[in-house]
Amino acid sequence: YPQLPQLPHQLPQFPPQQLPQAPLQPPQTNVSDNWRNTLNRTQMFLNKTRSEMSRGICYQEVPTATLVANPRGNIPTGNGSNPSLSRVQVCCTGYEKNPHNWRLCDPICHTPCLNGLCVAPDTCACYPDYAVDLDGKCIPVCPIGCSNGQCQPDRSCKCNKGFILDPSGKFCIEGVQCDSPCLNGYCTGYNKCTCHAGYLPHPTNPFMCMPHCPAGCPNGVCSGPSFCICNSGYVKDRSVKGSQACVRRI
């Protein structure tokens, strides 16, 4: 049988590979500074607003006999307007008992205060970065306003129909959009057509441009820029070069 080659007594040495070392500590996720500031300002708003709210507690006189366990026994003198009456605390009109603390009265807002706090009967105080609109709702407020659009909860602008965001994403500018094609012109804004040279805007149709003949077309119709088509029985006046006047056919 053929002899197999003998293996060397010592295998060749290869340099060890350098493996990347894993970090000793996992990376920490940082909360956005803007979000943290918003939370802090909202909490400060809640603390300050609640401390300034009316307690909503009123006083009412009731028969003292209704407050004692045994009305047939000795009834103490009340502290009301006469000895048989006592003054007790009740929630004022527009307030209700706090479900967690019966000593407190909370204002009632029949429409929930989204993005705000009910501070008095049917009255909302808006959170920071929100403001009350004409309907009494708390809507987001953009730092530089949102003309021609609506401010979104993330304080960005959503543009109204016919407007688009500018390249900076901060302003709503008039967009180039026409609901109908511009006849003899081109769209330059929202439903705004600019006429080609030699054409004028139609008096009633904003998407149409009419041909313009500066000298008019007596006995004819202007069918193109400075070009007339004569009525039946009329022809162009050839006595004047380039004239568009129509004269009676001889």
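At 13% relative accessibility, T49 counts as buried, and this residue makes a convenient entry into the structure, which is a predicted model. T49 sits in helix α1, the element that runs over residues 33–52. A polar atom of the T49 side chain lies 2.7 Å from the backbone oxygen of F45. Once neighbours within four places in sequence are set aside, T49 is in contact with L117 and V119.

Helix α1 also takes part in salt bridges, of which a search of the whole structure finds 2. In one of them, the side chains of D129 and R41 meet at 2.8 Å, N to O. Because D129 lies in the loop between β6 (123–126) and β7 (130–132) while R41 belongs to helix α1, the pair ties together parts that are 88 residues apart in sequence. R41 itself is partly exposed, with a relative accessible area of 33%. The side chains of E52 and K48 also meet in a salt bridge, again with 2.8 Å from N to O, but here both residues lie in helix α1, 4 residues apart, which is about one turn of the helix. E52 counts as exposed, its relative accessibility being 56%. As a general matter, side chains of opposite charge can pair when their charged atoms come close.

From the charged pairs we can turn to the nonpolar interior. In soluble globular proteins, nonpolar side chains tend to be buried together. The largest nonpolar core in this model has 6 residues, namely C142, C146, C151, C157, C159 and C172. A second, separate core of 5 residues includes F45, L46, V119 and A125; of these, V119 has already appeared as a contact of T49, and F45 as the residue whose backbone oxygen lies 2.7 Å from a polar atom of the T49 side chain. Returning to the largest core, its member C172 is in contact, leaving aside neighbours within four places in sequence, with S147, N148, G149, C157, K158, C159, F163, I164 and L165.

Among these contacts of C172 is I164, which leads outward to the surface, where I144, I164, F171 and I173 form a nonpolar patch with about 370 Å² of accessible area together. One residue of the patch, I173, is found in strand β12, which spans residues 172–174. I173 is partly exposed, with a relative accessible area of 37%.

Further along the chain, the backbone deserves attention at two places. Most residues other than glycine have a negative phi. N191, although not a glycine, has a positive phi of about 50°; its place is in the loop between β13 (185–189) and β14 (192–195), and with a relative accessible area of 24% it is partly exposed. S226 is not a glycine either, and its phi is positive at about 55°. The loop that holds S226 lies between β17 (220–224) and β18 (227–230), and at 42% relative accessibility S226 counts as partly exposed.

Strand β18 brings the tour to C228, which has its place there. C228 is buried, with a relative accessible area of 2%. Not counting residues up to four places away in sequence, C228 touches C213, G216, C217, V221, C222, S223, K236 and Q244. The C-alpha atoms of C228 and H212 are separated by 9.7 Å, the two residues being 16 residues apart along the chain.

Notes. Residues are numbered from 1 along each chain as its sequence is written. This is a predicted model: local features need pLDDT of at least 70, side-chain atom pairs count only at pLDDT 80 or more; totals for chains, interfaces and linings use all residues. Side-chain values use heavy atoms; hydrogens and water are left out. Helices (H or I, at least four residues) and strands (E, at least two) are DSSP runs, numbered from the N terminus. Buried means under 20% relative accessible area, exposed over 50%, partly exposed in between (1.4 Å probe, protein chains only). A polar contact is a pair of N or O atoms within 3.5 Å; within protein, one must be able to donate a hydrogen and the other to accept it, and residues adjacent in sequence count only if both atoms are side-chain atoms. Contact means heavy atoms within 4.5 Å. Patches are made of residues with over 30% relative accessible area and no salt bridge: like charges are joined within 9 Å, nonpolar side chains (Val, Leu, Ile, Met, Phe, Trp, Tyr) within 5 Å. Accessible areas come from the Shrake-Rupley method with a 1.4 Å probe; for residues, only the protein chains shown count as cover. A salt bridge is a side-chain nitrogen of Lys or Arg within 4 Å of a carboxyl oxygen of Asp or Glu. A nonpolar core is a set of buried Ala, Val, Leu, Ile, Met, Phe, Trp, Tyr and Cys residues joined through side-chain atoms within 4.5 Å.
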